[in-house]
Amino acid sequence: MKRIAVARISRLIAGWQSLPGTLPQQLGSALGRLVAARELPVGALLPSERALAGALGLSRGTVVAAYGLLRDAQLVASQQGSGYRIVASSNSPGAVHTRLVGEVSALPQQLDMSSGALPASPTLARLLSGLQGADLARIVSGLGYDAYGLPELRAVVARYYNDLGLPTRAEQILITSGAQQAVWLLANALLDAADAVVVEDPCYRGSLEAFRRRNARLLGVAVTAQGLDWPALEQQLQQRPRLVYLFAECQNPTGRTMDEAARQRLVALLRQHDVLLVEDGSQSELHVDPSRQPRPLAALCEPHRVATIGTMSKLFWGGLRVGWVRADPALLQRLASMKAVNDLGSSRFDQSIAVELFESLHEARAQRLAQIQHHLQHAEQLLRSEGGVDWRWTTPDGGTALWIHIPGADMVALSEAAARQGVLLTVGPGYSVSESYGEHLRLPFVRPAQQLADTVRLVMHLLAEQRAPGDTAR
């Protein structure tokens, strides 16, 4: 039986200290919610009591008591010498919490530094403020259901790729409810349990979770300062994966972009194997270089061997749930069938707004570029001015976060300590196939300046506490 990594548990229960009850009840409730919601696979083993206690900064007795509550609630089974194994449960997350603690109360406000999402674009705000009743009436024509997406939007997205040098027809576009749904559809349509998927390491955590939900075998390829670990990639391709998933532009979380030589080398290598490339272009419009436009890797690939993901969320607003997949029509047919079961079709209102927004693409690009450049410059100056911590990072080619290495730090324990003070952080193991990068922090530099400064100083304070002698376990 597979044992769930401590780092993954820590990430999934972020904010657990805010739940009502005693420490064992808080921890037991947070874990119980994960089990009931099927976030953790049935049959897997929870971390050992000692390992979880060390990661969360707790006494072992607290974890023992929390696990005992889960056992009493019949969410886990224990056996001497084997640990705690997750068993099937039909309880809802809310019911689990009520059973362990009592009635659910509202959680206090927290500072969420786990997301690099940008505020809504002024272009979007202006468009919405100008809508009239007749505009809205046109949106509600027809039945409102279309698994492939609004035809006008599919045509506009195809034109977008044509302008980037990637010949595309409308029938090669499927509209999704954001880029995350695009990943989910590809994972569920193409993967069976134990199928292999090659991913970058580190990699976008949302996609890792989508692949894990399919019980896929994740094969990591390190992303270094010099780019991909090519020998490791060649070795992983020998295991005949179903998919290779990566970012060519503004990789999440490192922010690096592949140069032309790396793109040519990658495509030449993939041609030697029967594997589908999933190119995540969700951050492609977030370059810090004003002279650079997105260059889809798909332009170098055979059409039936690549699926490209895109989104409106980065340029315009995360609440505008419009993304897409560009792929061979035969693959899109499979995805559309699954999407029809999942949600019948993406929001027609959002799609209609997206059609209009594409007319202001250049304006939105200029706005985002100015925002990212300003915030990145400020964040790097802040880190350079804060002595006492060995902050290490490479200036990203794009994106909204810095991938920071702090040698000697235990970032999982630090993130737990930060959560106890109401600050949510995301740290390296959450982005890693092997739960590596325990000394790394993903710091969104696009947050307001005061929030960023407060977070940096909290990290410094917690690092000093972490390195001080003495046992602070509760």
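**Notebook: loops, bends and helix pairs**

**Entry 1: Glu285**

I started with Glu285, which counts as buried because its relative accessibility is 15% (buried is under 20%, exposed over 50%, partly exposed in between, with a 1.4 Å probe and protein chains only). The model is predicted, so I noted that local features need pLDDT of at least 70 and side-chain atom pairs pLDDT 80 or more, while totals for chains, interfaces and linings use all residues. Residues are numbered from 1 along each chain as its sequence is written, and side-chain values use heavy atoms, without hydrogens or water.

Where does Glu285 lie? I found Glu285 in the loop between strand S9 (276-280) and strand S10 (306-311) (helices are DSSP runs of H or I with at least four residues, strands runs of E with at least two, numbered from the N terminus).

Next I listed the neighbours of Glu285, skipping those within four places in sequence, and got Tyr160, Pro294, Leu315 and Arg365 (contact means heavy atoms within 4.5 Å). With one of these, Arg365, the side chain of Glu285 makes a side-chain to side-chain polar contact of 2.8 Å (a pair of N or O atoms within 3.5 Å; within protein, one can donate a hydrogen and the other accept it, and sequence-adjacent residues count only if both atoms are side-chain atoms).

I also checked Asp163, which is 122 residues from Glu285 along the chain. The C-alpha atoms of Glu285 and Asp163 are 14 Å apart.

**Entry 2: the loop between S8 and H12**

Then I moved to the loop that runs between strand S8 (243-246) and helix H12 (260-270), where Thr254 sits. I found Cys250 in the loop between S8 and H12 too, and Pro253 is also there.

Is Cys250 buried or exposed? Cys250 counts as buried, because its relative accessibility is 0%. I looked at the backbone of Cys250 as well: phi is near 50°, which is positive, and Cys250 is not a glycine.

A little further on, I stopped at the peptide bond that joins Asn252 and Pro253. This bond is cis, with omega about 25°.

Thr254 counts as buried, because its relative accessibility is 15%. What does the side chain of Thr254 reach? I found the backbone nitrogen of Arg256 at 3.4 Å. I also noted a polar contact of 2.6 Å between the side chains of Thr254 and Gln251.

Leaving out residues up to four places away in sequence, Thr254 touches Pro202, Val223, Pro396 and Trp403.

**Entry 3: Pro202, and one more positive phi**

Since Pro202 is one of the residues that Thr254 touches, I followed it up. Pro202 is in the loop between strand S5 (196-201) and helix H10 (205-213). The peptide bond from Asp201 to Pro202 is cis, and its omega is near 15°.

I then looked up Tyr437, in the loop between strand S14 (426-427) and strand S15 (440-444). Tyr437 is not a glycine, yet its phi is positive at about 60°.

**Entry 4: H9 beside H10**

How do H9 and H10 lie relative to each other? The axes of helix H9 (residues 178-190) and H10 come within 9 Å and cross at roughly 25° (axes are lines fitted to C-alpha atoms over the stretch in contact, and angles between N-to-C directions run from 0 to 180 degrees). H9 and H10 are therefore roughly parallel to each other (under 35 degrees; over 145 is roughly antiparallel, 65 to 115 roughly perpendicular, the rest oblique).

I saw Gln180, Val183 and Ala187 of H9 meeting Gly206, Ser207, Ala210 and Phe211 of H10. By class, this contact has 4 nonpolar, 3 polar and no charged residues (Ala, Val, Leu, Ile, Met, Phe, Trp, Tyr, Cys and Pro are nonpolar, Asp, Glu, Lys and Arg charged, the others, Gly among them, polar).

**Entry 5: H15 beside H17**

My last helix pair was H15 (residues 361-385) and H17 (residues 449-467), which pack at about 30° with axes 11 Å apart. That angle makes H15 roughly parallel to H17.

From H15, the contact uses His378, Ala379, Leu382 and Leu383; from H17, Ala449, Leu452, Ala453, Val456 and Arg457. I sorted this contact by class and found 7 nonpolar, 1 polar and 1 charged residues.

I finished with Val456 in helix H17, which counts as buried because its relative accessibility is 2%. Not counting residues up to four places away in sequence, Val456 touches Leu382, Leu383, Glu386, Trp391 and Leu443.
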